[in-house]
Amino acid sequence: MAAHRCGLSLVCILFFSSLAHPSRCDTLEKANDNTATKRSISEVNTDGSVAGEDMNERQWQSTDVEVNRSDGTKNSETFTPAPAKDQFQEELVIRPLHSGDIYASFQFRTLWDTDFLQEGQKKVSHYRLFPKSLGQVLSKFSVQELHISFTQGFWRTMQWGQPFIPSPPGAELWVWFHHTVSDVDGNWKELTNVLSGIFCASLNFIDMTNTVQPSASFKPLGLGNATDHRFLRYATLPREIVCTENLTPWKKLLPCGSKAGLAVLMKSEKLFHSSFHSQAVHIRPICQDEQCTSKAWELRQTLNVVFDHYTSGQGKKEWSLFKMFSRTLTEACPLASSSKVYVDITDNPEGELFELSPATPLLSQAVVLGDRRTYSVYDLTRAETFGQLRSFNLLLRWKGDSGDMLRPLLHAERYVAGFGLQTGEIHTVIYNNHPYRAFPVLLMDSVPWYLQLYIHTLTVTSKSRDNKPSYIHYQPAKDRHRPHLLEMLIQLPPHSMTEVTVQFERALLKWTEYTPDPNHDLTSRFFFKEESSYFVRVYTEPLLVNLPTPDFSMPYNVICLTCTVVAVGYGSFYNLLTRTFQVDEPSPPLAKRLANFIRRIRGVPLLA
Amino acid sequence: MGLFMQHLCEPDTLCHHFLMVCYLAAIVWFMGLAFEPFTLRTYMSENAMGSTMVEERFSSGERALSLAKEFDAHKRKAGGMPMEWLVKAMQARGLEVFTQSFSRKLPFPDENKERYMVRGTNVYGILRAPRAPRTEALVITAPCSPGNSNNQAVGLLLALAQYFRNQIFWAKDIIFLVNEHDLIGMQAWLEGYHHTNITGYSPLQGRAGSIQAALSLELSSDVITSLDLILEGLNGQLPNLDLANLFYAFCQKLGVLCTIQGKLQRNDWDTAEGYTHAAQTMMLMVLKQACGRSWGDHGLFLRYHIEAASIRGINGFRHYKMDVATIGRLLEGMVRKLNNLLERLHQSYFFYLLPSLSRFVSIGYYMPAFGLLAVILLLRALDLWVNLGAPALEAVDGVTEAEQPSGPGVLTVLTPVVISHLTGVALYLLPVHLQEMAVEHFPVSETEAVVLTAVAIYTAGLALPHNTQRLLSGEGTEQGWKVLKLTALLYLAVLLGCTALINFSLGFILAVTLVPITASMTPHMPKALSALAMVLLSPAFTILYCVFIYQELIEAPVSVSEGWMLFLSVISQGILDHALYGSLVYPLLALFIYPCWLMFWNILFWS
């Protein structure tokens, strides 16, 4: 009954504007550094109504930037002729969730104004804020864009709404290679092995049997309109367990490590005592300035945690930085040009849901996933934030009750139907809860070869009517070489439930192909994207699919039996064959011997 | 040599005695299985559950009881499942709550439980494991039964949910399910969860991956003196023995009195009473398993390869009282161990009999008992085969009758076979389909109509030989019945063999009653006496005997008329179980065993 996991995710991407958006937002960021949360591409949207505060912030930040830049120039002058201007920004967004849980999202953003993919710039030996280990990897393997995430737990859309950056359970890696790369598969193979070393993870288990090249589901998030999916590789490892050994190398990539700044909050015993933990690294090329004359590298390290109010709150719904992380903040990272803590107060305009202390006059607004959110901002570069105690401990006291389950706009779930070990059916149910809007969704599914899909049984039904996908891309699996890949563009009618089903048969594996825990699981993947003014990615749960498993104790029994037979049978037979037999004189009885002894002493002839 | 073989298995020959010895040996072997020195001590095979003893801390027994009272009050008010209250109660404990409504129409009214059109709601809450990706789940269920029963189970379920929610160590989601209309609700929920449509599909929303194990709780009083473990599931399936071991281990650890088949374990195996006790326990298990119905809500899980058991609280042994908190601790311990599982439960046995909770008989030990019975059938068949071949040898000497037997043989064999099976099909189909007509013409209820139709068809089948003979053109030849008997013997051997592999108890009980009479049946025996013997050993009478033996074993003996009523209700339950949950005993008996028996009946009246 070896089983199988299938993860499904939902990605919603705006095809046309997504290319324009990132550059625009980068430009904005570059120009005045005042963006609130650079959570996702479409999120940056400074509003006129908070312009005053923005100006306020800008004042503060621009000075930081100046300092930073002068630092950068000073350092770089000594080593490199072309001044590489590095920047580092850190932020923590805390969102009290509907369910009473707390969502904490760290983002560390390092910008590096260099482009080593261009001719003549291949050899970059000087690194300042950008981690050298990653930079070397990028240049060696000609990586255009790299996204890697490690997640433990499952994002509960029904309770928590949409995450800032979605990620599937386990490890996920997708990479765009530069178009000059000739041997993409070779580079990919080597890259996964190198990354496996860097992040202390089993990424080396990524091979051709779990790698796919989606044709439509992924677009580069950064610069470069490379849309040739030959240079894209995507793989997931849903069985990967994420733990402190992955966190430590991830923290080491930060300029301040975990010594200063927001990263001091990252104590692993607290981070892993949570309902959800996800850490990610995103690297992409962006524009250096508004004209986009030269490129810069952006490294975003994100860490998302959801703390459970039941297990850690002991009934009291009260949160503080100290309670969550068992640390308080005392300073910003000295290398950071901006260091801020944001608290989402959108649902709490009058303070009726929760109470924040210390209060802050600074507010910021941003559009996150199509939703206008308001944030309280705490700037760690300002001394006032830390108060007289020289330590910043944000306290959040709940007043209201935790609500019922949400009805998120889009959510999906996935399960295996049927019983028995021969056939089964994968059901993917996608809910569109919008009252009047239909959404086009791109669904991507990659299923391992050992689930043999019957693609003719693929059905898509919405509102009990057949829903014909407008685009289908299907690549069948090759046994032991390639997984199935299925991509479909489906229109979700408003307020509907769409069900995608496909039947499969379980393959019999060779006995060496079973995992050490064959009665547990193996893996697969599923994906989605939506066309809209913003994109959401929703991952459904991975699946456990039992595979027929032989009785593995049988060989053991057989070995025991054979060994016994050989030992007993051969042993005694050999013994019989090699032993020489001779007639042994029975020794005379004791009385006789005694008699003979006395007779010998007396010199009388012995008894016979 | 042919001549020698021909007379080998005639009465008073070596072979005949050998077959008698085989039969007796089978019975003795089977009865010996309950003798303690011949059985193995149970042991935990699963590593993940063995060494990691957990510390149980559940202490909210009082809260469980007050929740039970509250539930009872709301149940009375709602006159059934208090859905809203339960949803709120589960939500307040931090679970993701879902409901599933279902409706079923029974093929005919169930008079034991007084239901016909069933409409109900299942309420379940999912405790999401922190940092686990919804791949695996454990289920704890408590039925919402009418009247006063099982309130404490629901109370304990809610108290456990509250306690479990505050723990961080869960690696699997835990589903707390309160199902209405016992097995019907459970069936609806399982079908909804796995999206299978065996008896009628009711959709369901929240899921938590593949279910690894399930425990069903039945507690009906505040004071519990012992816990009974129920393992027998649908079609005689049993959960992995490790689940029983786990229960036993925690009973030992917490000093809880535990029983199986309602019987306490005795230590005096070397006395006659001790042996009888173990034999009774084992016989009860065999009878329960043979009847192929689910003896608790857990039984339906087994089809989906989910290891499940029911735990029933018993208030009977006055001296040992335990509070609800102890049961809660026991469940906590079991669930935590199951939570530790890395793989599905698969290490231990799936086929076993339990003469007591600490002793088991594995398939390797009990199968020889059945094998000895099957050998009788096969040897008989071999004997007939050789017998049939012998005249062909003689034909070489000049008697030109050698061509004869094969020609009419096929027809003479085929006709009774087909007619018997058609009777079987009638027995399978007509009772349910003809109920309306029967109710119109006779002053009986639907249920009685169904059962009595079944009995009538069964009895009518006895008149078959005459009809068969009328259809056949010629006289039945000596060759004819031998060929028919050979076919029937092999058929019976295959049937019983397959049944015994899946459900040993059913196969063995059928073999014990069918083998002696079928193996020795010839048309030359005294008609009246053998006919009586055949009828008394027919499948229907086997069921009747089982009813009496079962009542005797559970120490509730019944009179003949009560026994007859029980027999009728057993038949109706069998038909209902088949229609509602897909139990296979009724179709097996109607479509295969009964026609096979009819073939032998035909041989007796071969003229």
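This is a guided tour of a predicted model, stop by stop, with selections for your viewer.

**Stop 1: strands of chain A**

Select strand β22 of chain A, residues 484–492. Of its 9 residues, 7 are buried, so the strand is largely enclosed by the rest of the structure. Now add strand β18, residues 439–447 of chain A. β18 and β22(A) pair in the antiparallel sense over 9 bridges. To see one of these contacts, pick A:V447; its bridge partner in β22(A) is A:H484. Next add strand β21, residues 471–475 of chain A. It runs antiparallel to β22(A), joined by 5 bridges. Here A:Y474 has A:L486 as its bridge partner.

Move to strand β13 of chain A, residues 363–368. This strand is also largely enclosed by the rest of the structure, because 5 of its 6 residues are buried. Its antiparallel pairing with strand β14 (residues 371–379) of chain A covers 6 bridges. A:V368 is bridged to A:D371 of β14(A).

**Stop 2: an open sheet**

Colour five strands of chain A in the order β16-β17-β23-β19-β20; they form an open sheet with antiparallel pairing. Which strands stand at the edges? They are β16 (410–417) and β20 (465–466) of chain A. Each has a single partner strand, so one side of each is left without a neighbour in the sheet. Inside the order, select β19 (residues 451–462) and β23 (residues 496–506) of chain A, which pair over 8 bridges in the antiparallel sense. A:Y454 stands opposite A:Q503 in β23(A).

**Stop 3: rings and a surface patch in chain A**

Show side chains for A:F88, A:F106, A:F108, A:W250, A:F307, A:W319 and A:F325. Ring pairs link them into a cluster.

Then go to the surface. A:F573, A:L576, A:L577 and A:F581 form a nonpolar patch there, with about 520 Å² of accessible area together. Centre on A:L576, in helix α10 (residues 553–578) of chain A. A:L576 counts as exposed, at 54% relative accessibility.

**Stop 4: an aromatic pair in chain B**

The whole structure holds 48 aromatic pairs over all chains. For one of them, select B:F71 and B:W85: the ring centres are 6.0 Å apart and the planes lie at 45 degrees, so the pair is tilted. B:F71 is in helix α4 (residues 61–78) and B:W85 in helix α5 (residues 83–92) of chain B, so the contact ties together parts 14 residues apart in sequence. B:F71 is buried at 0% relative accessibility. B:W85 is buried too, at 14%.

**Stop 5: around B:W295**

Select B:W295 and look for charges over its ring. The charged end of B:K288 sits 5.1 Å from the ring centre. B:R293 lies over the face of B:W295, at 5.5 Å from the ring centre. Follow B:R293 onward: its side chain meets that of B:D577 in a salt bridge (3.6 Å, N to O). This pair links distant parts of the chain, 284 residues apart: B:D577 is in helix α20 (residues 560–581), B:R293 in the loop between α9 (272–290) and β9 (307–314) of chain B. B:D577 is buried at 6% relative accessibility, whereas B:R293 is partly exposed at 24%.

**Stop 6: a salt-bridge network**

Over all chains, 30 salt bridges are found. Select B:R128 and B:D173, whose side chains meet at 2.9 Å, N to O. B:R128 is buried, with a relative accessible area of 7%; B:D173 is buried at 1%. Now add A:E541, B:E96 and B:R134: these belong with B:R128 and B:D173 to a network of salt bridges.

Definitions and conventions
Residues numbered from 1 in each chain as written. Chains lettered and ligands numbered in written order. Predicted model: local features only at pLDDT ≥ 70, side-chain atom pairs only at ≥ 80, totals over all residues. Heavy atoms only, no water. Phe/Tyr/Trp six-rings, centres within 6.5 Å; stacked < 30°, edge-to-face > 60°. Helix = DSSP H or I, 4+ residues; strand = E, 2+ residues; numbered from the N terminus. Buried < 20%, exposed > 50% of the residue type's maximum accessible area, 1.4 Å probe, protein only. Lys NZ or Arg CZ within 6 Å of the ring centre and 35° of its normal. Patch = residues over 30% accessible without salt bridge, like charges linked within 9 Å, V, L, I, M, F, W, Y side chains within 5 Å. Areas by Shrake-Rupley, 256 points an atom, 1.4 Å probe, with all protein chains shown as cover. Salt bridge = Lys/Arg side-chain N within 4 Å of Asp/Glu carboxyl O. Pairing = 2+ DSSP bridges.
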